[in-house]
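Got your viewer open? Here is a short tour of selections to make, one after another, with a note on what turns up at each stop.

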Amino acid sequence: MLIRATFANLYSFDTPQSISFVAGKGRTLPTHVVKGKSRNDPSLLKAAIVYGANASGKSNLVKCFAFARRLIVKGSSVDERIPRVPFRLRPGAAKEPSRFEFELDLAGHMYAYKLVFDDNVIIEESLTRILATTERPLFVRTWTGTASQVIFSENFATKEERQRFQFIAQNTRPNQPFLTETIESNSDRYRPVYDWFRYGLVVIYPEAIFSNLGPAIQSNENLKSLYKSFFRDLGLGIADIKEVPVEREHFLKEIPVEVVNEIKKDLKSDGHVTITGSPKERYHVTKNQEGDLVPYKILISHEVAGTKEQIPFELKDESDGTLRLIDLIPALADLCKHERLYVIDELDRSMHAQLTRAFLEYFFSCSTSRSQILATTHELDLLDLELLRKDEIWFVEKDATSASNLYSLEEFKPRYDKDIRKGYLQGRFGGIPIIRNPGKLGWEK
């Protein structure tokens with residue numbers, strides 16, 4: 001689970017800004033809190049919902065998580081620049097290093113991983129084990145100006161093992177995280193931390209689609225059941241979702257022939273790929289043993305009022321809100337089954353307020369795992385202390401220097417019966433757009 005993440009000189013974040021999942025002192029909604037295994041372990045929240053005006057930095061927070069994940073999981077190629085975006089509105093910031101730090105609770109073992117870097121080199125990197133009363137560095141890497149030095153403070157089982165890691169350190173490129181290099185060198189010593197970035201952190205952008213939808217609903221009965229229960233409980237008039245074969249002639253009319261030929265060339269037998277055709281349309285394509293492409297598409301069955309008759313609709317016939325929900329439900333199923341952190345930009349994108357609320361309510365009700373959600377939103381209906389705890393509500397706001405700042409509702413003292421939505425709209429908590437003189441906008445023209 002994520003304990004805390006900190007970013008500095010990255011996108012619109014200049015000075016270090018942190019978002020924390022450490023539970024505050026409030027006792028409301030106890031099922032939203034995962035208790036620490038011991039008295040010294042922090043109790044962690046299952047959600048952080050972030051509000052802010054347009055261009056305040058909400059999407060940049062999501063980009064920070066995506067950037068960190070990409071750098072750790074993919075690493076850097078030889079002579080490749082580190083693709084950071086430093087804060088651009090302060091003179092000299094581009095010449096200063098950027099930084100991120102993650103504090104993690106992995107199966108009861110707590111770690112702090114820090115990376116400091118500029119466009120070309122990793123300046124500082126460290127992995128620290130956080131114990132009950134102290135911290136124990138596992139490795140500390142520093143840039144001398146000409147080379148990297150890695151100091152190991154932990155005990156290795158053998159002299160040979162220590163020499164092996166010293167060799168890995170000596171051969172780590174200046175632009176490559178040492179954590180990544182250990183995995184590429186077939187060492188599992190620090191794999192739990194690496195695996196959290198690779199498998200435990202999932203980023204969903206507003207325009208993202210669930211590309212594995214067809215195979216998932218064919219093979220995963222739990223997911224298909226979740227779809228049906230959501231559609232039924234929300235009164236969407238949808239009875240079923242399924243994948244069906246498509247006539248090859250229809251498929252070839254939708255997809256350019258050069259794309260079809262490329263897929264046929266690259267796709268292995270029994271492999272599959274999802275491609276988009278006309279707006280909102282998607283095709284799941286497999287390749288049979290004879291080398292022929294077999295296309296499928298998703299159909300949504302709607303019930304005819306007063307009967308049991310079902311009429312199939314294609315995805316392109318559905319509303320943007322329904323499609324957004326269809327793409328988010330697999331995330332919900334995953335969260336309820338595995339330990340993940342889903343970072344979702346614009347959770348409410350195209351969805352009615354009640355759909356967004358239902359998504360979070362289902363997450364809190366089903367999630368007995370150590371899963372978490374960090375989501376950005378504008379949806380005021382979620383500003384409800386019967387749905388979210390104060391420490392789960394966050395705001396991002398730009399200061400006088402146009403740098404984004406993060407803070408929690410926990411820093412304020414609203415009563416539990418206080419109308420949080422009204423207070424937010426009145427500007428009591430910040431994070432809202434301020435139009436100083438609407439009359440000058442020229443709307444009357």
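**First stop: a helix crossing**

H1 passes H4 in a left-handed crossing. Keep in mind as you look that this is a predicted model. Select H4 as residues 191-200, and you'll find that its axis and that of H1 come within 9 Å, crossing at roughly 125 degrees. The two helices are therefore oblique to each other.

Now show side chains at the crossing. From H1, pick Ala 68, Arg 69, Ile 72 and Val 73; from H4, pick Tyr 194, Phe 197 and Arg 198, and you have the residues that make the contact. Sorted by class, the contact of H1 with H4 holds 5 nonpolar, no polar and 2 charged residues.

**Along H1**

Stay with H1 and select residues 58-74 in full. How far apart are the end C-alpha atoms of this helix? They are 24 Å apart, and that agrees with the 24 Å that 17 residues should span at 1.5 Å a residue.

Next, colour the buried positions of H1: Lys 58, Asn 60, Leu 61, Val 62, Cys 64, Phe 65, Phe 67, Ala 68, Leu 71, Ile 72 and Val 73. As you look down the helix, remember that an α-helix has 3.6 residues a turn, so residues three or four places apart point the same way. Then step off the end: Gly 75 follows H1, and its phi is positive, near 70 degrees.

**A second helix pair**

Move on to H9 (residues 320-337) and H10 (residues 353-366), which pack with their axes 9 Å apart and at an angle of about 15 degrees. An angle under 35 degrees counts as roughly parallel, and that makes H9 roughly parallel to H10. The crossing of H9 past H10 is right-handed.

For the side chains here, take Leu 325, Leu 328, Leu 332, Leu 335 and Cys 336 from H9; they meet Leu 355, Phe 359, Tyr 362, Phe 363 and Cys 366 of H10. How many of the residues in this contact are nonpolar, polar or charged? The split is 10 nonpolar, no polar and no charged.

**Around H10**

Keep H10 selected and hide H9 for a moment. H10 reaches 20 Å from its first C-alpha to its last over 14 residues, close to the 20 Å expected at 1.5 Å a residue. Of those 14 residues, 10 are buried, so H10 is largely enclosed by the rest of the structure. Among the buried ones are Ala 353, Thr 356, Arg 357 and Phe 364.

What covers the buried residues of H10? Bring H9 back and add strand E5 (47-51), helix H6 (221-233), strand E17 (341-344) and strand E18 (372-376), which are included in that cover.

**Two single residues to finish**

Select Met 110, which sits in strand E7 (residues 109-117). Is Met 110 buried or exposed? Its relative accessible area is 7%, so Met 110 is buried. Leaving out residues up to four places away in sequence, Met 110 touches Ile 3, Asp 41, Pro 42, Leu 104, Asp 105, Thr 128, Arg 129 and Ile 130.

Last, go to Asp 317 in the loop between strand E16 (310-314) and H9. Asp 317 has 47% relative accessibility and so counts as partly exposed. Draw a distance from its C-alpha to that of Lys 280: they are 37 residues apart along the chain, and 8.2 Å separates the two atoms.

Conventions:
Residues are numbered from 1 along each chain as its sequence is written. This is a predicted model: local features need pLDDT of at least 70, side-chain atom pairs count only at pLDDT 80 or more; totals for chains, interfaces and linings use all residues. Side-chain values use heavy atoms; hydrogens and water are left out. Helices (H or I, at least four residues) and strands (E, at least two) are DSSP runs, numbered from the N terminus. The expected span of a helix is 1.5 Å times one less than its number of residues. Buried means under 20% relative accessible area, exposed over 50%, partly exposed in between (1.4 Å probe, protein chains only). Axes are lines fitted to C-alpha atoms, for helices over the stretch in contact, and angles run from 0 to 180 degrees between N-to-C directions. Angles under 35 degrees count as roughly parallel, over 145 as roughly antiparallel, 65 to 115 as roughly perpendicular and the rest as oblique. A crossing is left-handed if the near helix is turned anticlockwise from the far one by less than a right angle, and right-handed if clockwise. Contact means heavy atoms within 4.5 Å. Ala, Val, Leu, Ile, Met, Phe, Trp, Tyr, Cys and Pro count as nonpolar, Asp, Glu, Lys and Arg as charged, and the others, Gly among them, as polar.
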